[in-house]
Structures are given as C-alpha cells and as structure tokens.
Amino acid sequence: GIVSREVRMRALILFAFVILSASESLVAETTRSCPVQPGQVVIKMDFFAMSKCPYCKISLEAIRPLLTCEVACKTATGVTANAVLDFQLHYVGLVKDDGKKLVSAHGGFEITGDEILLCAQELYPKNYTWVQMMECMEQNQALVPANAQKCAKKHGIDLAPIQKCASEKGFDMLRSSFEKSSYYQVDLTPTILLSTATQPLVKVNVATEPLAVWNDMCNVVFKEDLSQKKSLASKETPTKAIAIAALQVSQGEEPMWLSHTSVATVSMAGVVVVAALLAITARKRRRSPKPSTEESALLVTTL
C-alpha cells in the first residue's frame, strides 16, 4: 500500500536523477573539450578569426602550445591555481539581407572554410582534436577549404560527418558566429575574449608570444583588471609593421599597417619599401572590382 508507493516513488526519483546526470554529462562532453573537476576554475577563451586572415594564422601559431586542458598559474607571491581551458572558435563577417546572405572579407572560399572548421569544432572537441585540423589548414590559407580532406586525414579525422554538418547547418552556425562577433563588438581579427565564472568578459589584444597570452589567461584567473592594458599593436616596431604589410600584399590584400603604426616612426628605408608595396596594391586595385562600402569596412578589420 502506502509503503510500496513510497518505495516506487523513491525508485522513480532515483531513476530520474540518473537520467538527468547522464544527459548533463553528455552535454558537457560535446560542449567542452576537457573534463572539469569540482572546484577547478574554467578559463573560457573565445577566439575570433577568419579562416584566410594572415594575422589569425600568426596568432594561432603563437597560442597553439597553450591549447591544452590544464592551465597552471602562479603569482609572484607563490599562489597557484590549476585551471581548465575552454577554447572556442568564432568567425567574423557580415550578415546581410535579413540573415539570408553572409559576407566575409576574403570571399566565398573563406565562408566554406569557416563552416568546415566550425563543424570540426562541434564534432571533434575532445582534447582539441579539431584544432590540429585547423592548424594544418591554416598553414596554407590559399588552399582553404580545398585542403580540408588532406588535413583531416593527416590527423585521423573523418571528414564525411564534417561535410554533412557543413552542408546541412554550416550556414546557420556561421551566421550565429557572425552575430556573436557583432554582439561583442569584435571589429578586429584576431581577437581573444577571456572570462571565468566570476570574471566577466575581457577583450585582450592578441599577442604573438605564448608567454604574453599565458599571462593574460592567468590574470583572468586571479581576477586582475586587464581592461586598462595598452594595445599591443601600438608596440609594433616599424620593421614588424613593414613585414606584416609585405605578408598582406603577398596574400593579395591591402597593407593595413597604417592603422597600427605612425608613419613618422618608419625609417627612410621603410618608407621606400612601403611605397613599393602601395604601388603594387594600386596595380591590384586597378585589376579588381571595387568592394562595397560595407565590404571595405570589413577588410580594414582583417588584421
């Protein structure tokens, strides 16, 4: 009677609890690349990029050694904290025609490359397996997305489900990614947003040195204010600015270094080099159609 009903009720509650726990663990497994132990701090790193952005490639190479599950932080006073990294990739672009059209700075091939890598991130999250494929594809950005097959095979990834994902929901995923970038006012690629459960989002200038990025990650763990940090771009030397401009021209892009470095700081030799680069760009302009105002604005933020 009453006792048996109570036993059955407890059994049902226990069964429901087991099912709920199992479903929660499934969600954690598919949305996080790394297991999280009770009490561990989770550092969320949102990486905003473009699959054919040369600066994004440089940044990825710099932070790649940091993309592991365990992050060990230590202050000057000896305080330590072991955190877990939750690294997520997002892309930057324009959503037009009421969400029916997506525009990326480097054209349609970049759109396809973005979709493929977003699907790789969703389907192969464990221990950042998908990052290996991304890193491989970024080594030769001119071949994105044609090099997806080769890079997937190299790292033991089955490309078929990725292609299926890209064809069925890649557009919606990329649109959501573009919208997220717009929501967080990300207008420069690459951009990193760092946060923890107790530390709100902080936009951090992307460094090219792993140690600098690691310091930023640990500063978030220890709740230091990074919002007043000076732009790393302002510290670029004229030589580095010229090298970046040369890289962009070699990729068929406009040299946008002038937005980061004052012309007054460039040496006479640098002026000659940049003048030559600008002449090359002018010839490229005459051979290519003029982009729309919105697309031009997007191109300025490619770095």
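Visitor: Why is Cys 165 called buried?

Guide: In this predicted model, Cys 165 has a relative accessible area of 5%; the word buried applies under 20%, and therefore Cys 165 counts as buried.

Visitor: Which residue is the disulfide partner of Cys 165, and how do you know that the two are bonded?

Guide: The partner is Cys 119, with the two sulfur atoms 2.1 Å apart; a disulfide is assigned to cysteine sulfur atoms within 2.5 Å, and 2.1 Å therefore satisfies the criterion. The torsion about the S-S bond is -75°, and the link of Cys 119 and Cys 165 is left-handed. Cys 119 belongs to helix α3 and Cys 165 to helix α6 (residues 159-183), 46 residues apart, and in this way the pair links distant parts of the chain.

Visitor: Is Cys 119 buried or exposed?

Guide: Cys 119 has a relative accessible area of 0%, which lies under the 20% cut-off, and so Cys 119 is buried.

Visitor: What makes the disulfide of Cys 34 and Cys 69 left-handed?

Guide: The sulfur atoms of Cys 34 and Cys 69 lie 2.1 Å apart, and the pair forms a disulfide; the torsion about its S-S bond is about -80°, and for this reason the disulfide is called left-handed. Cys 34 sits in the loop between α1 (2-31) and β1, while Cys 69 sits in the loop between α2 and β2, so that the pair, 35 residues apart, links distant parts of the chain.

Visitor: How do you know that Cys 69 is buried?

Guide: The relative accessibility of Cys 69 is 16%, which is under the limit of 20%, and therefore Cys 69 counts as buried. Its partner Cys 34 is buried with a relative accessible area of 6%.

Visitor: Why is it said that the disulfide of Cys 73 and Cys 218 ties together separate parts of the sequence?

Guide: Cys 73 and Cys 218 form a disulfide with their sulfur atoms 2.1 Å apart, and with -80° about the S-S bond the link is left-handed. Cys 73 lies in strand β2 and Cys 218 in helix α7 (residues 210-221), so the parts tied together are 145 residues apart in sequence. Cys 73, at 2% relative accessibility, counts as buried, and Cys 218 is buried with a relative accessible area of 6%.

Visitor: How many disulfides are counted in the model, and what pattern do they follow?

Guide: The count comes to 4 disulfides, and with bonded cysteines counted along the chain the pattern is 1-2, 3-8, 4-7, 5-6.

Visitor: What are the neighbours of strand β2 in the sheet, and what makes β2 an edge strand?

Guide: The open sheet is formed by 5 strands in the order β2-β3-β1-β6-β7, with mixed pairing. The edge strands are β2 (70-74) and β7 (202-204), each of which pairs on one side only. Neighbouring strands of this sheet are turned by 35° against each other on average, direction ignored.

Visitor: How do you know that β2 and β3 are paired?

Guide: Two strands count as paired with at least two bridges between them; β2 and β3 have 5 bridges in the antiparallel sense, and therefore meet the criterion. In the register of these strands, Lys 74 stands opposite Thr 80 in β3. Helix α2 (residues 54-63) packs on the sheet, where it touches β1 and β3, and its direction makes about 155° with that of β1.

Visitor: Why is the ring pair of Phe 47 and Phe 87 called tilted?

Guide: The model holds 4 aromatic pairs. In the pair of Phe 47 and Phe 87 the ring centres are 5.9 Å apart and the planes stand at 35°; the centres are within the 6.5 Å limit, and the angle is neither under 30 degrees nor over 60, so the pair is tilted. Phe 47 in strand β1 (residues 41-49) and Phe 87 in strand β3 (residues 80-91) are 40 residues apart, and the pair links distant parts of the chain. Both Phe 47 and Phe 87 are buried.

Visitor: What makes the pair of Phe 87 and Tyr 128 edge-to-face?

Guide: The centres of Phe 87 and Tyr 128 are 6.2 Å apart, with 80° between the planes; an angle over 60 degrees is called edge-to-face, and the pair therefore receives that name. Tyr 128 lies in the loop between α3 (108-123) and α4 (129-138), 41 residues from Phe 87 in strand β3, and Tyr 128 is buried, as is Phe 87. Ring pairs link Phe 47, Phe 87, Tyr 128 and Trp 130 into a cluster.

Note on methods. Residues are numbered from 1 along each chain as its sequence is written. This is a predicted model: local features need pLDDT of at least 70, side-chain atom pairs count only at pLDDT 80 or more; totals for chains, interfaces and linings use all residues. Side-chain values use heavy atoms; hydrogens and water are left out. Rings of Phe, Tyr and Trp (its six-membered ring) pair if their centres lie within 6.5 Å; planes under 30 degrees apart count as stacked, over 60 as edge-to-face and the rest as tilted. Helices (H or I, at least four residues) and strands (E, at least two) are DSSP runs, numbered from the N terminus. Buried means under 20% relative accessible area, exposed over 50%, partly exposed in between (1.4 Å probe, protein chains only). Axes are lines fitted to C-alpha atoms, for helices over the stretch in contact, and angles run from 0 to 180 degrees between N-to-C directions. Contact means heavy atoms within 4.5 Å.
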